[in-house]
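Me: I've got a new structure open and I'm not sure where to start. Could you walk me through it?

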Amino acid sequence: EKLLERPSELGAFTIHDGPPYANGSLHMGHALNKILKDAINKFKSAQGYKVRYIPGWDCHGLPIELKVLQSLKSKERKELTPIKLRKVAEDFARQTVSEQRKSF
């Protein structure tokens, strides 16, 4: 917070961090993503930028919807409407985010 309070002639640098997708368990790719973003933040801060770190998840539809569809039986998939699929995907994403939070 003290770094955010200091003035910066170079301006602000904002980076969004978090697992790329909320569609499964964490793995080494997530760790690499987190390490690289941390290094970028430190580098930009050392250059004199006012760095903002914003944690979060990428919860847009397609990867999550595909994961949900793969978990369903053929008959269940045929009965899905786009609205029902979005609801099931939303529930899945919320559950996955909750599980990933515990892992970090």
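Reply: Sure, and one term first: helices here are DSSP runs of H or I with at least four residues, numbered from the N terminus. Keep in mind that this is a predicted model. With that numbering in hand, Phe-104 can be placed in the segment after α5.

Me: Is Phe-104 buried, exposed or partly exposed?

Reply: Buried would need under 20% relative accessible area, and exposed over 50%. Phe-104 has a relative accessible area of 47%, so this residue is partly exposed.

Me: How far apart in space are Phe-104 and Arg-86, C-alpha to C-alpha?

Reply: In sequence, Phe-104 and Arg-86 are 18 residues apart. Phe-104 sits in the segment that follows α5. From C-alpha to C-alpha, the distance between Phe-104 and Arg-86 is 27 Å.

Me: Let's move to α2. What span does α2 reach from its first C-alpha to its last?

Reply: Helix α2 covers residues 28-47, which makes 20 residues. At 1.5 Å a residue, 28 Å would be expected. The span in the model is close to that, at 29 Å.

Me: Within what arc do the buried residues of α2 fall, seen down the axis?

Reply: The buried residues in α2 are His-30, Asn-33, Asn-41, Lys-44 and Ser-45. They line one face of the helix, because seen down the axis of α2 they fall within an arc of 100°.

Me: And which exposed residues does the face of α2 turned away from the buried side carry?

Reply: The buried side belongs to residues including His-30 and Asn-41. Turned away from that side is a face with exposed residues. They are Met-28, Ile-35, Lys-42, Phe-43 and Ala-46.

Me: Which residue just after α2 takes a positive phi?

Reply: Helix α2 runs over residues 28-47. Just past the helix, a phi of about 110° turns up, and the residue that takes it is Gly-48.

Me: On to charges. Which residue forms a salt bridge with Lys-42?

Reply: Side chains of opposite charge can pair when their charged atoms come close. Lys-42 counts as exposed because its relative accessibility is 56%. Its partner also lies in helix α2, four residues apart, about one turn of the helix. With the closest N and O atoms 3.3 Å apart, that partner is Asp-38.

Me: How many salt bridges does a search of the whole structure find?

Reply: Lys-42 and Asp-38 form one of them. In helix α5, the side chains of Lys-87 and Asp-91 meet at 3.0 Å, N to O, and these two are separated by about one helical turn because they are four residues apart. Arg-94 and Glu-90 also meet in a salt bridge, at 3.0 Å. The search of the whole structure gives three.

Me: Of Arg-94 and Glu-90, which is exposed and which is partly exposed?

Reply: Arg-94 and Glu-90 both lie in helix α5, four residues apart. Glu-90 counts as partly exposed because its relative accessibility is 35%. At 57% relative accessible area, the exposed one is Arg-94.

Me: Last bit, the inside. Where does the largest share of the largest nonpolar core come from?

Reply: That core has eight residues: Ala-22, Ile-64, Val-68, Leu-72, Leu-85, Ala-89, Ala-93 and Val-97. Both α3 and α5 supply at least two residues each. The largest share is four residues, and it comes from α5.

Me: Which residues is Leu-85 in contact with, leaving aside its neighbours within four places in sequence?

Reply: Leu-85 is one of the residues of the largest nonpolar core, and so is Val-68. With those sequence neighbours left aside, the contacts of Leu-85 are Glu-65, Val-68, Leu-69 and Leu-80.

Notes: Residues are numbered from 1 along each chain as its sequence is written. This is a predicted model: local features need pLDDT of at least 70, side-chain atom pairs count only at pLDDT 80 or more; totals for chains, interfaces and linings use all residues. Side-chain values use heavy atoms; hydrogens and water are left out. The expected span of a helix is 1.5 Å times one less than its number of residues. Buried means under 20% relative accessible area, exposed over 50%, partly exposed in between (1.4 Å probe, protein chains only). The arc is that of the directions from the helix axis to the C-beta atoms. A salt bridge is a side-chain nitrogen of Lys or Arg within 4 Å of a carboxyl oxygen of Asp or Glu. A nonpolar core is a set of buried Ala, Val, Leu, Ile, Met, Phe, Trp, Tyr and Cys residues joined through side-chain atoms within 4.5 Å. Contact means heavy atoms within 4.5 Å.
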